[in-house]
Amino acid sequence: MARYGMLIDTKVCIGCYSCLLSCKRQNGLASDQDFIRFEDRERGSYPNTLRESIPLQCMQCEDAPCVSVCPSGASYFGPDGLVSIDHGKCIGCRYCMSACPYQVRTFDEEKGIADKCRFCAIQTLSGGKGCSCVEACLTNARIVGDLDDPTSELSRAIAQKNALPIAGDLTQAKIFYVR
Amino acid sequence: MSTFEPVWGPVIAGYLFLAGLGAGAFLFAFILELKFPQAVKMRRFAHILTPVAVALGLVLLLADAPGALHNPLRILLLFSNLQSVMTWGVYFLIIFFAVSAFVMIIELKKDYILPRSLNIIGVIAAFCVALYTGVLLGVCKTFPLWNNALLPILFLVSALSAGAAALLLYAALFAPAELKGITGLRKLQYLLPVIELVLLASLLFITFYNSSAGAASVLMLVTGSWSPWFWVGLVFCGLLLHLIVETKPLFFSAGGAASHGALARYTDVGLNALALCGGFLLRLLIVMAAMPLAIAV
């Protein structure tokens, strides 16, 4: 069993939103629905300031609040520990959206259910082709891989760049950020 | 952060209020039965109001869950995840609704004999329902305004307050004769806004110092876009006014709440109607003013 995760290097992210748009296309999302959201801000104090773009999406938490609060079992840990949504079970109560500290769950108004990043980028690991955020990134800011394999590109990059989950150990997130 | 859209809105606030109102009414019916057995009409009203309020609340809940509304079979899934506070809520609500509906049927029959054991089960379920509405919000780490242990207590006291207000509003309108012998009940009711004010103030102070999101939530209530509703609607009309008007007649006049004139009756109607609005406003403000934690700091 793999334990999939991702690294996002905000130092090379240029905030072009290519990942967001490719994700919309890959998953056929409505114009008002995004699986990736950006927090753009300035950091530091003059004269040492920098502009930071932070793409946020489902963090694939190991301690996932959405899974524990979901009353119908629609949010669940799927194969390889991926946090998934069974669309056929969701009652649309939006409890998961309230519980997710990263606010990366969206509401599909048409179907009346909650939705989120499906971590489709892992298809590239098995040679699949798609239009995922990882493939679309112009500056290669994203790496996807197996956290349990110490020789994977992801594991090496996390160690090398000292990447950390965006909110510490809040939910045991599996997306690591370089900032 | 200012662009944050609340996940839930007035419909859920309405549900939280109605569930609390039902629980509060049932608990006050129990008190009436124990201590004021002569207030039959009030007790009867409370027992009828309870399942009606809970059922209306459930309708609102379902109306705000389109996935279940379009696929009603999915409601059957709601018993599975025992980790979820919402699942516990479903159990509490079903037990409470079943018991209170049964009590209503007993109440509507000619000779009223309510088994004590059934009443006790109803009372326990009422406490669970009232508290759970606070825990439901409380487990969301995202919002400091919710994520604390004061909220369930505040919702419980507010539920009692709404229940009492509904009964006294009914009595003032349709059974004024029963108002005479229930000064003790009024004194009990008087305590509730006092406790609510203490809890609300504590909640806001502690949330303010919790984090920047907590401070933003509190400021939204006390100085921001919700402040007129907060100060005028909730604090003044919903809580303080009751204390201002009732202190003298309840505690500093010779005959207790002895005045039964038309003015006293209209005062009762107004105060208790406002207390009910205050109960709804409390939920609405708590739901709407919760700001999410800043994730990437």
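A:Cys90 is buried, with a relative accessibility of 8%. Being tucked away hasn't given it a partner, though: its sulfur sits 6.2 Å from the closest cysteine sulfur, in A:Cys96, which is too far for a bond. Keep in mind that this is a predicted model. Here's a quick tour of the cysteines, one buried acid and a nonpolar surface patch.

**Cysteines**
- Across all chains, the count of disulfides is zero.
- B:Cys140 isn't in a disulfide either, and its nearest cysteine sulfur belongs to A:Cys96, 9.9 Å away.
- With a relative accessible area of 0%, B:Cys140 counts as buried.
- The cut-off for a disulfide is sulfur atoms within 2.5 Å, so the 6.2 Å from A:Cys90 to A:Cys96 doesn't make it.

**A buried acid in chain A**
- A:Asp146 belongs to strand E8, which covers residues 142-146 of chain A.
- A:Asp146 is buried but goes without a salt bridge.
- The nearest side chain of opposite charge is that of A:Arg3, 6.0 Å off.
- Setting aside neighbours within four places in sequence, A:Asp146 touches A:Ala2, A:Arg3 and A:Tyr4, plus A:Ser152, A:Leu154 and A:Ser155.
- So A:Arg3 turns up twice here: it's in contact with A:Asp146, yet there's no salt bridge, for which a side-chain nitrogen would have to be within 4 Å of a carboxyl oxygen.

**A nonpolar patch on chain B**
- B:Phe79, B:Leu82, B:Trp88, B:Tyr91 and B:Ile94 make up a nonpolar surface patch of about 460 Å².
- One of these, B:Ile94, sits in helix H4, residues 85-108 of chain B.
- B:Ile94 counts as partly exposed because its relative accessibility is 44%.

Terms used: Residues are numbered from 1 along each chain as its sequence is written. Chains are lettered from A and ligands numbered from 1 in the order in which they are written. This is a predicted model: local features need pLDDT of at least 70, side-chain atom pairs count only at pLDDT 80 or more; totals for chains, interfaces and linings use all residues. Side-chain values use heavy atoms; hydrogens and water are left out. Patches are made of residues with over 30% relative accessible area and no salt bridge: like charges are joined within 9 Å, nonpolar side chains (Val, Leu, Ile, Met, Phe, Trp, Tyr) within 5 Å. Accessible areas come from the Shrake-Rupley method with a 1.4 Å probe; for residues, only the protein chains shown count as cover. Helices (H or I, at least four residues) and strands (E, at least two) are DSSP runs, numbered from the N terminus. Buried means under 20% relative accessible area, exposed over 50%, partly exposed in between (1.4 Å probe, protein chains only). Lys and Arg count as positive and Asp and Glu as negative; His and the chain ends are not counted. Contact means heavy atoms within 4.5 Å.
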